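Work through the exercises below with the structure open beside the text. Each task is followed by a solution in steps.

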Amino acid sequence: MGILGESLDRAAGSTATRPIPKTAGAQMRFLVKQFKGTRPVPDLLGITQRTVERYVKDQIKRPRPDLAARLTGEVRNRWQPRVKEKAKKNAATSTGIVVETRARFGFTAAPGTTDDGRIRLITQHLPPQYAARLFDAQTDGASEQQLQAVIAEGLQEQYFRDRGRRAEGLLVEFTDIDYVELDF
């Protein structure tokens, strides 16, 4: 998963109304409940079934750092899926999405203008149609470049062309992403 996919997942995770379970035992019990048994969880986390059972019974309390990170990540991905879907639906139909990024933007413009790319820090609200396209692309398993294209088109129309009021014919290239934060 690329930087945009991870940012979408973080944004969806921030919509949770309750915090994820804190202890390793509580997180393991949550995963066991989600998978309806202890059999699939060891394959997911790369541990033995006996280890899963020991975490569930609180016989082991502190996981190794790598296991703790995998465990927390898997719980976060599965935590409150209906709340995440409701937030995505709301962003795709009414509120839109906010993009904060530091990246290199290059332009294809009319002759005689500069088209040298440069690093810019941009925070821009994108309308719901771009949020819907972004979520649909992510659901369809789009590549990082395809997600970048959706964001680039949204920034092109909303930020650089000012919703069609200037820079007609300007095409924006969105490359060398330093970071991207999305919020909806």
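The exercises that follow concern a predicted model.

**Exercise 1. Find which residues bring helices α6 and α7 into contact, and describe how the two axes are placed.**

Step 1. Locate the helices: α6 covers residues 81–95 and α7 covers residues 128–139.

Step 2. Compare the axes. They come within 6 Å and cross at roughly 145°.

Step 3. List the residues that meet. From α6 these are Lys88, Ala91, Ala92, Thr93, Ser94 and Thr95, and from α7 they are Pro128, Ala131, Ala132, Phe135 and Gln138.

Step 4. Sort this contact by residue type: six are nonpolar, four polar and one charged.

**Exercise 2. Decide whether Tyr159 and Phe160 are buried, partly exposed or exposed, and classify their ring pair.**

Step 1. Take the accessibilities. Tyr159 has 28% relative accessibility, and Phe160 has a relative accessible area of 7%.

Step 2. Apply the cut-offs: buried means under 20%, exposed means over 50%, and partly exposed is in between. Tyr159 is therefore partly exposed, while Phe160 is buried.

Step 3. Describe the rings. A pair of aromatic rings is described by the distance of the centres and the angle of the planes. For Tyr159 and Phe160 the values are 4.8 Å centre to centre and 85° between the planes.

Step 4. Planes over 60 degrees apart count as edge-to-face, so the pair of Tyr159 and Phe160 is edge-to-face.

**Exercise 3. Describe the surroundings of Glu100.**

Step 1. Place the residue: Glu100 lies in strand β1, residues 97–108. With a relative accessible area of 30%, Glu100 is partly exposed.

Step 2. Look beyond the neighbours within four places in sequence. Glu100 is then in contact with Ile122, Thr123, Tyr179, Val180 and Glu181.

Step 3. Take Glu181 from that list. Glu100 and Glu181 are 81 residues apart in sequence, yet their C-alpha atoms are 5.1 Å apart in space.

Step 4. Take Tyr179 next. The side chains of Glu100 and Tyr179 are joined by a polar contact of 2.8 Å.

**Exercise 4. Set out the positions and accessibilities of Lys36 and Gln80.**

Step 1. Find the loops. Lys36 is in the loop between α2 (24–35) and α3 (40–45). Gln80 is in the loop between α5 (65–78) and α6.

Step 2. Read the backbone angles. Lys36 is not a glycine but has a positive phi of about 60°. Gln80, also not a glycine, has a positive phi of about 50°.

Step 3. Check accessibility. Lys36 is exposed, with a relative accessible area of 76%, whereas Gln80 is buried at 11%.

Step 4. Find what Gln80 touches. Beyond four places in sequence, Gln80 is in contact with Ala16, Thr17 and Arg18. A polar atom of the Gln80 side chain lies 2.8 Å from the backbone nitrogen of Thr17.

**Exercise 5. Find how helix α8 is covered and what α8 gives to the largest nonpolar core.**

Step 1. Count the buried residues. Helix α8 (residues 144–160) is mostly covered, with 12 of its 17 residues buried. Among them are Leu147, Val150, Ile151, Leu155 and Phe160.

Step 2. Turn to the core. The largest nonpolar core has 30 residues, and those touching the most other members are Ile97, Phe105, Leu134, Ile151, Phe174, Leu182 and Phe184.

Step 3. Read off the share of α8: this helix gives the most to the core, with six residues.

Step 4. Note a second, separate core of 16 residues, including Ala24, Leu31, Val32 and Leu71.

Methods:
Residues numbered from 1 in each chain as written. Predicted model: local features only at pLDDT ≥ 70, side-chain atom pairs only at ≥ 80, totals over all residues. Heavy atoms only, no water. Axes fitted to C-alpha atoms, helices over the stretch in contact; angles between N-to-C directions. Helix = DSSP H or I, 4+ residues; strand = E, 2+ residues; numbered from the N terminus. Contact = heavy atoms within 4.5 Å. Nonpolar A, V, L, I, M, F, W, Y, C, P; charged D, E, K, R; others polar. Phe/Tyr/Trp six-rings, centres within 6.5 Å; stacked < 30°, edge-to-face > 60°. Buried < 20%, exposed > 50% of the residue type's maximum accessible area, 1.4 Å probe, protein only. Polar contact = N/O pair within 3.5 Å; in protein donor to acceptor, adjacent residues only side chain to side chain. Core = buried A, V, L, I, M, F, W, Y, C linked by side-chain atoms within 4.5 Å.
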